[in-house]
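Visitor: I should like to go through this structure and ask, term by term, what justifies each description. Please show it first.

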Amino acid sequence: MRIAIVGAGIGGLTAALALRRADHEVHVYEQARVLREVGAGVAISPNAVRVLHHIGLADALARVAVAPISMDSRDWHSGDLLGRVPLGEAAVERWGAPFYHLHRADLHDALRAALGDAHLTLGARCTSVAERDGAVEIRFADGREAVADVVVGADGVHSVVRDYVAGPDRAVWSRQVSWRGLAPASAGEALDLERRHHSFWGPHKQFVAFFVSSGRFVNWVGNTQSEEDWLAESWSARGERDEVLALFADWHPQVRGLIAATESVYQWALFDRPPLSSWTRGRVTLLGDAAHPMLPYMAQGASQSIEDACALARCLTVHRHAPAAGIEAYAAGRMDRTARVQGASREASRTVRLMDPAEVEARNARLRESPEAPIARFDWIWSHDEVGAKTLEPVRSLLGSLNHVSITVRDLDDAMRFFGPFLAFLGYDLVESLSDPNGQRLHVNANRHNGAVLNVWEAKPELAAHPFEVYEVGLHHIAFNTDTREQVDEACALVTRLGARVLDGPADFPYDPQGWYAVYFLGPDGLKFEVVHQPSKVRAWRAKR
Ligand SMILES: Cc1cc2nc3c(=O)[nH]c(=O)nc-3n(C[C@H](O)[C@H](O)[C@H](O)COP(=O)(O)OP(=O)(O)OC[C@H]3O[C@@H](n4cnc5c(N)ncnc54)[C@H](O)[C@@H]3O)c2cc1C
């Protein structure tokens, strides 16, 4: 499968790297002639760091990142602490991965170095995409063309690919401007700025500051209101330092000190879009800001694009032979979550920049009463494990409705490390570890909501030598034990969608609710599926439990 990605931002490069690691043929087309991220920082939360570690960047990031001690919400004027989320080691303990502050260029360089330039074409501005004869043609501004089996639009908030997928629309100018700068670390140190994520909340405005590049700079962002009409969005729009100083004139001395110590100030107009009703059209899909631009108040735009990249690589791997099904599964798995994060970002944009001083006071009083409250704002986002939800995404709904599913894997311990979070997410608890009379090891899991059983078997040694492999788990065999005719049809349709073909068993069968019926399928990568109808046995098994 040839996969083309339009756009080499954080989302596009992460997707390319995740896909390369799963052995896909992938190429990235970027409009810029020189690949260079802007001089600004980015906060990457544990949900995304987990993915970056998974695709091999742990060492590269540890060399350049700053892991802040905490995320502090502070009063705009006095600097008093309003709320604190402990980070550092506490983040690793609670969310399973560090919280990092990075210079964008450091992250970009690490991604590019790991990907390799052979998979990247610069100076390629995509002007259109079109699907023809089971492939997608991409046209570029200089007249060049490329053809791929799947195209991923990772071309940012003003995406051309999005126009093809969802029809042309305009990004909504939010009337908010971000002012950004990098001050030397010495300025931060002179101002007694600790290695924390500092977020000053004021009426009308917000100011965020943190150390980046192994502590060599302090990145800051001032978010303000604007009454102007804004026509273009650009990282390179230079701002005037004095204008920012005037906007933050009576703010805390650390805020003013950082702005005053900054040589070049940039401004960025913030655009928003409502969630899309669909991310895919045929073999074309979207990722990152192209799919779900969001206001920066939850600091999640880049992190969500990194989660997208992980999900995309997983789905295109599971559906290696059915690209359209792969991107459909990817979009289905991501749309709800990213829409929720978009909504939370919009909501946070109001909370951190309340306009009315009385409301500000009331908000601050509430925060002082429950200083742990900010953790709840982020917990559901940062605890998300896109890596742990690696496979079987397409069978999720079916798993929820069946009485009994059996999975055979190459190595039980390895597989449980892999499936554990996924099964827990579906509501399954491990109830027994057994060996059958032949010594074959088995984990019995029961669903705490409906009592359904999910068995994970370790393959017999002779089977374990078979080259069956799906993604990273040696997954040999999935058996859906169904209870009703509808479930048989649903399971057979799902298995066919996964790219499997019938090996043995009747195409249709005389339906007998007490009877026995099985169809065997051979899927991509040699994975074996079995749809079994044996209601009496299932009932007996459940009664026994
Ligand atoms: C002020 C501010 C602060 C932020 N802070 C954070 C934060 O702390 N944490 C966080 O997670 N997120 C943050 N974000 C959001 C984050 O920056 C974005 O969500 C993220 O960079 C999006 O990545 P992307 O790869 O989807 O898009 P982009 O970074 O926009 O990359 C798109 C790429 O596509 C290229 N391109 C565009 N059109 C074409 C074309 N037609 N053909 C070829 N190439 C094309 C572009 O040149 C670019 O390289 C912040 C955003 C703002 C504005």
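Visitor: What makes Val519 and Val531 a pair in this predicted model?
Guide: Val531 in E26 is the bridge partner of Val519. Strand E25 (residues 517-522) and E26 pair in the antiparallel sense over six bridges. Two strands pair if at least two bridges are found between them, so six bridges satisfy the criterion.

Visitor: Why is strand E26 called largely enclosed?
Guide: Strand E26 covers residues 528-533, and five of these six residues are buried, so the rest of the structure largely encloses this strand. A residue counts as buried if 20 or more other C-beta atoms lie within 10 Å of its own. In the protein chain of 545 residues, 46% count as buried.

Visitor: Why is Ala246 called exposed?
Guide: Ala246 belongs to helix H8 (residues 241-247). The limit for an exposed residue is 12 or fewer C-beta neighbours within 10 Å. Ala246 has 10 such neighbours inside 10 Å, and therefore counts as exposed. The C-alpha atom of Ala246 is separated by 9.4 Å from that of Arg256, ten residues apart along the chain.

Visitor: How do you know that Pro357 is exposed?
Guide: Pro357 has 10 other C-beta atoms within 10 Å, and is therefore exposed under the limit of 12 or fewer. Pro357 is found in helix H12. In space, Pro357 and His204 are 9.5 Å apart, C-alpha to C-alpha, although 153 residues apart in sequence. Helix H12 (residues 357-369) lies across strand E4 (70-75) and E5, and runs at about 45° to E5.

Visitor: Why are E5 and E16 called edge strands?
Guide: Eight strands form an open sheet with mixed pairing, in the order E5-E4-E13-E14-E15-E12-E17-E16. Strand E5 (81-86) and strand E16 (238-239) each have a single partner strand, so one side of each has no neighbour in the sheet. Within this sheet, strand E12 (residues 172-184) and E17 pair in the antiparallel sense over seven bridges. Trp179 stands opposite Gln267 in E17.

Visitor: Which strands stand at the edges of the sheet of five strands, and why?
Guide: That open sheet has parallel pairing and the order E7-E2-E1-E11-E18. Strand E7 (120-121) and strand E18 (284-286) each have a single partner strand and are therefore its edges, each with one side left without a neighbour in the sheet.

Visitor: What makes E2 and E7 a strand pair?
Guide: Strand E2 (residues 25-29) pairs with E7 in the parallel sense over two bridges. The requirement is at least two bridges, so a count of two is sufficient. Tyr29 stands opposite Thr121 in E7.

Visitor: What joins E8 and E9?
Guide: E8 and E9 form a hairpin with two residues between them, and Asp133 in the turn has a positive phi of about 50°. Strand E8 (residues 126-132) and strand E9 (residues 135-140) pair in the antiparallel sense over six bridges. Arg139 in E9 is the bridge partner of Ser128.

Visitor: What makes a set of residues a nonpolar core, and which members touch the most others?
Guide: The members must be buried residues of listed nonpolar types, joined through C-beta atoms within 7 Å. The largest such core has 114 residues, of which Ile5, Ala15, Val151, Val161 and Leu312 touch the most other members. Helix H10 (residues 301-318) supplies the largest share of this core, ten residues. A second, separate core of 27 residues includes Val405, Ile407, Ala452 and Ala459. In soluble globular proteins, nonpolar side chains tend to be buried together.

Visitor: Which residues does Val161 touch?
Guide: Leaving aside residues up to four places away in sequence, Val161 touches Val6, Cys126, Val129, Val151, Gly153, Asp155, Val284, Leu286 and Ala290.

Visitor: What surrounds the ligand, and which element gives the most to the shell?
Guide: The ligand is surrounded by 32 residues, the closest being Gly7, Gly9, Gly156, Gly288 and Gly301. H10 gives the most to this shell, with four residues. By residue type, the shell divides into 16 nonpolar, twelve polar and four charged.

Terms used. Residues are numbered from 1 along each chain as its sequence is written. This is a predicted model: local features need pLDDT of at least 70, side-chain atom pairs count only at pLDDT 80 or more; totals for chains, interfaces and linings use all residues. Two residues are in contact if their C-beta atoms, placed from the backbone, lie within 7 Å. A residue is near a molecule or strand if its C-beta atom, placed from the backbone, lies within 6 Å of it. Ala, Val, Leu, Ile, Met, Phe, Trp, Tyr, Cys and Pro count as nonpolar, Asp, Glu, Lys and Arg as charged, and the others, Gly among them, as polar. Axes are lines fitted to C-alpha atoms, for helices over the stretch in contact, and angles run from 0 to 180 degrees between N-to-C directions.
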